[in-house]
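Let's take a walk through a protein model together, one piece at a time. Keep the picture open beside you and look for each residue as we come to it.

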Amino acid sequence: MPPKSPFTWNPTDIIEVTNASGENILLDLDSGQQRLDVGRTMRLTASALEVPQLTSLVNQGKVKVQPYKLKK
């Protein structure tokens, strides 16, 4: 039997989302509501970029998105 992967998800599918606005944001994600406070960063799966609200916030420059770099 092959060794079990330490992850239940693919690390390359993770993004970091940072609130670059001057206000707290309440995201309505498929998994439920998530509050993103001013200046805070959270990790989400890349599929969150399919949520129209998040896409709109990115286009307005209120939220910055970058790939997550797994630390070894």
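**A guided walk through the model**

The side chain of N19 reaches the backbone oxygen of D37, at a distance of 3.4 Å. Keep in mind as you look that this is a predicted model. N19 also has a second partner of this kind: a polar atom of its side chain lies 2.9 Å from the backbone oxygen of L36. Where in the fold is N19 placed? You will find N19 in strand β1. Is N19 buried or exposed? N19 counts as buried, because its relative accessibility is 2%, and the cut-off for buried is under 20%. Leaving aside neighbours within four places in sequence, N19 is in contact with N24, I25, L36, D37, V38, G39, R40 and K62.

Two of those contacts, D37 and K62, will return as we turn to charged pairs. Side chains of opposite charge can pair when their charged atoms come close. How many salt bridges does the structure hold? There are three, and we can visit them in turn.

Start with D37, which forms a salt bridge with R35; the closest N and O atoms are 2.4 Å apart. D37 counts as partly exposed because its relative accessibility is 27%. R35, with a relative accessible area of 52%, is exposed.

Next, look for R43 and E16, whose side chains meet in a salt bridge at 3.5 Å, N to O. R43 belongs to strand β4 and E16 to strand β1 (residues 14-19), so this pair ties together parts that are 27 residues apart in sequence. E16 has a relative accessibility of 15% and therefore counts as buried, while R43, at 48%, counts as partly exposed.

The remaining stop is the pair E23 and K62, with side chains that meet in a salt bridge at 3.6 Å, N to O. E23 sits in the loop between β1 and β2 (25-29), and K62 in the loop between α1 (52-59) and β5 (63-67), so the pair ties together parts that are 39 residues apart in sequence. Both partners are partly exposed: E23 has a relative accessibility of 43%, and K62 has 27%.

Now go back to strand β4, which spans residues 41-45 and includes T41. Which residues does T41 touch, not counting those up to four places away in sequence? They are E16, V17, T18 and L36. With T18 there is a polar contact, side chain to side chain, at 2.7 Å. T41 and V17 are 24 residues apart in sequence, yet their C-alpha atoms are 5.4 Å apart in space. T41 counts as partly exposed because its relative accessibility is 44%.

V17 leads us to our last topic, the nonpolar interior. The largest nonpolar core has 13 residues, and V17 is among those with the most contacts inside it, together with L27, L29, L44, L54 and V63. Which elements give two or more residues to this core? They are β1, β2, β4 and α1. The largest share, three residues, comes from β2.

To finish, pick out L27 from that core. Leaving aside its neighbours within four places in sequence, L27 is in contact with G32, Q33, Q34, L36, Q53, L54 and L57. You have already met L36 in this walk: its backbone oxygen lies 2.9 Å from a polar atom of the N19 side chain, and L36 is also one of the residues that T41 touches.

Conventions:
Residues are numbered from 1 along each chain as its sequence is written. This is a predicted model: local features need pLDDT of at least 70, side-chain atom pairs count only at pLDDT 80 or more; totals for chains, interfaces and linings use all residues. Side-chain values use heavy atoms; hydrogens and water are left out. Helices (H or I, at least four residues) and strands (E, at least two) are DSSP runs, numbered from the N terminus. Buried means under 20% relative accessible area, exposed over 50%, partly exposed in between (1.4 Å probe, protein chains only). Contact means heavy atoms within 4.5 Å. A polar contact is a pair of N or O atoms within 3.5 Å; within protein, one must be able to donate a hydrogen and the other to accept it, and residues adjacent in sequence count only if both atoms are side-chain atoms. A salt bridge is a side-chain nitrogen of Lys or Arg within 4 Å of a carboxyl oxygen of Asp or Glu. A nonpolar core is a set of buried Ala, Val, Leu, Ile, Met, Phe, Trp, Tyr and Cys residues joined through side-chain atoms within 4.5 Å.
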